[in-house]
Amino acid sequence: MKDVFIVSDNIVSPLGITSAENFSQVSKMVSGIQMHENAVFSEQPFYASLFDTTQNLLHDHGTEDDTLYERLLITSIADALKNSGVEPGDKKTILIISSTKGNISLLESAAMSPGLKKRMTLQHSAKLVADFFQFANPPIVVSNACISGLLAIITAMRMIRNGQYEHAVVAGADVITKFVLSGFQSFQAISTDRCKPFDAARNGINLGEGAGTVILSSNKNYSDGVKVSGGSVTNDANHISGPSRTGEELGKAIQNTMEDAGLTASDVGFISAHGTATIYNDEMEAKAITLAGLQSVPVNSLKGYYGHTLGAAGLIESIISIHSLKQNVVLPTLGFREMGVSKPLSLSNKLQNLLLNNCIKTASGFGGCNAAIAISKQ
């Protein structure tokens, strides 16, 4: 079975427009989440990690006709491709894009028409991005709720392993709009303050926007010293929006991932959890981690830095995990103070310097979907 090496990566977020900038800010425990009073989004104040609209961070990429969603993807991919050695025009290179909402915001600014309907499709945006970089192959779109980013990485890993492609450019993005925010408000899932993953006082999520790109390859010559060593997807089929009450299915995804990567519990240096700070998700995830035998492994959630970035979350949080692994650092969970789940975990609440070789990244989403990947040093 072919190894799948990580070549390069990028994060574009309110904390910075490169992975290095983002990791530096997160290492200093800087959060992009702020309180916003903007009637365009909501009549009520809300906490979220949003781009400053007065700053044109994306002026070097895309055209005036591109949406923010598309410009985020283009900006992130361009930085990741720079000096990577991977050529978009190579038939052995595939582009995979993950998103949950894409250009859904266009519904808020224009009347429905056949042209708008086409413009809003994820595939239309993916083709626009692929054409910008002149990818030789048609792009693949992955959209499966909040596991989309991890599922895109797993899809790329499997395609490279079975020899379909040698390289994969995996990118994900989402932006926050009134449509998106109101949907989560209707579930009463939005926190009234900065989110508190796994904490006894947690009361919901903060949303965030951003983009992430990771480039993968079977060619060790392109390697940056780290690889995707395993991955798995499961579904608990519990409820359209509520997660499993037992955690068995996410637990199985974690176990499958460890088996795929050839890891035991003692090999795992830390877990980057989905950690949305909702009552039921954090409880389910704590049970899943315990069922997988990893309850003593350091765990963190990055939602307190970025909010929930939806289709970009799996990528952004995996990239931070990659840099944590390379720098032998376990990041703290912003907002966590007191254990608030029935299966106590080893929650990281301060910066830890540990000798790290492997980590696990998890995600779960609406419809009962679950995913996990393993990231390992070579």
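This briefing walks through the salt bridges, the empty spaces, a surface patch and two unusual backbone spots in the structure above. Keep in mind that the model is predicted. A search of the whole structure turns up 11 salt bridges, and there is 1 cavity of 30 Å³ or more. The second largest pocket holds about 540 Å³ of space, and two glutamines, Gln 134 and Gln 188, have a positive phi.

**Salt bridge between helices H2 and H3**

- Arg 119 and Glu 70 join their side chains in a salt bridge, at 2.4 Å from N to O.
- This pair ties together distant parts of the chain, with Arg 119 in helix H3 (residues 114-119) and Glu 70 in helix H2 (residues 68-81), 49 residues apart.
- Arg 119 and Glu 70 are both buried.

**Salt bridges within a helix**

- Over in helix H4, Asp 131 pairs up with Lys 127 in a salt bridge, and their closest N and O atoms are 2.8 Å apart.
- Asp 131 and Lys 127 sit 4 residues apart in helix H4, which is about one turn of the helix.
- Asp 131 has a relative accessibility of 45%, so it counts as partly exposed.
- Lys 127 comes out at 48% relative accessibility, so this lysine counts as partly exposed too.
- Helix H8 has a salt bridge of its own, where the side chains of Glu 283 and Lys 287 meet at 3.7 Å, N to O.
- Glu 283 and Lys 287 are separated by about one helical turn because they are 4 residues apart in helix H8.
- What about cover for this pair? Glu 283 counts as buried because its relative accessibility is 17%, under the 20% cut-off.
- Lys 287, at 22% relative accessibility, counts as partly exposed.

**A salt-bridge network**

- Lys 303, Glu 317 and Lys 361 are hooked up in a network of salt bridges.

**The second largest pocket**

- The volume of this pocket is about 540 Å³.
- Its lining is made of 25 residues, and the ones nearest the centre are Ala 189, Ser 241, Pro 243, Thr 278 and Phe 366.
- Two elements give two or more residues to that lining, namely helix H8 (279-291) and strand E15 (358-365).
- The largest share of the lining, 3 residues, comes from H8.
- Sorted by class, the lining has 15 polar, 9 nonpolar and 1 charged residues.

**The largest cavity**

- The largest cavity has a volume of about 30 Å³.
- Ile 153, Val 214, Leu 216, Val 228, Ser 318, Ile 322, Ile 373 and Ile 375 line this cavity.
- Strand E8 (210-217), helix H10 (313-327) and strand E16 (369-377) each put at least two residues into the lining.
- By class, the cavity lining has 7 nonpolar and 1 polar residues, with no charged ones.

**A nonpolar surface patch**

- Leu 107, Met 112 and Phe 179 make up a nonpolar surface patch of about 280 Å².
- Phe 179 belongs to helix H6.
- Phe 179 has a relative accessibility of 40%, so it counts as partly exposed.
- Why can Phe 179 be part of a patch? Its 40% relative accessibility clears the requirement for patch residues, which is over 30% relative accessible area.

**Positive phi outside glycine**

- Some background first: most residues other than glycine have a negative phi.
- Gln 134 goes the other way, with a positive phi near 60 degrees.
- You'll find Gln 134 in the loop between helix H4 (122-133) and strand E5 (140-142).
- Gln 134 is exposed because its relative accessible area is 64%, over the 50% cut-off.
- Gln 188 also has a positive phi, about 55 degrees, although it is not a glycine.
- Gln 188 lies in the loop between helix H6 (178-186) and strand E7 (207-208).
- With a relative accessibility of 73%, Gln 188 counts as exposed.

Notes: Residues numbered from 1 in each chain as written. Predicted model: local features only at pLDDT ≥ 70, side-chain atom pairs only at ≥ 80, totals over all residues. Heavy atoms only, no water. Buried < 20%, exposed > 50% of the residue type's maximum accessible area, 1.4 Å probe, protein only. 1 Å grid on protein atoms, 1.4 Å probe; cavity = no way out; pocket = protein on both sides within 12 Å on 5 of 7 lines; lining within 4 Å. Points joined across faces, edges and corners; volume = space filled by probe spheres on them. Nonpolar A, V, L, I, M, F, W, Y, C, P; charged D, E, K, R; others polar. Patch = residues over 30% accessible without salt bridge, like charges linked within 9 Å, V, L, I, M, F, W, Y side chains within 5 Å. Areas by Shrake-Rupley, 256 points an atom, 1.4 Å probe, with all protein chains shown as cover. Salt bridge = Lys/Arg side-chain N within 4 Å of Asp/Glu carboxyl O.
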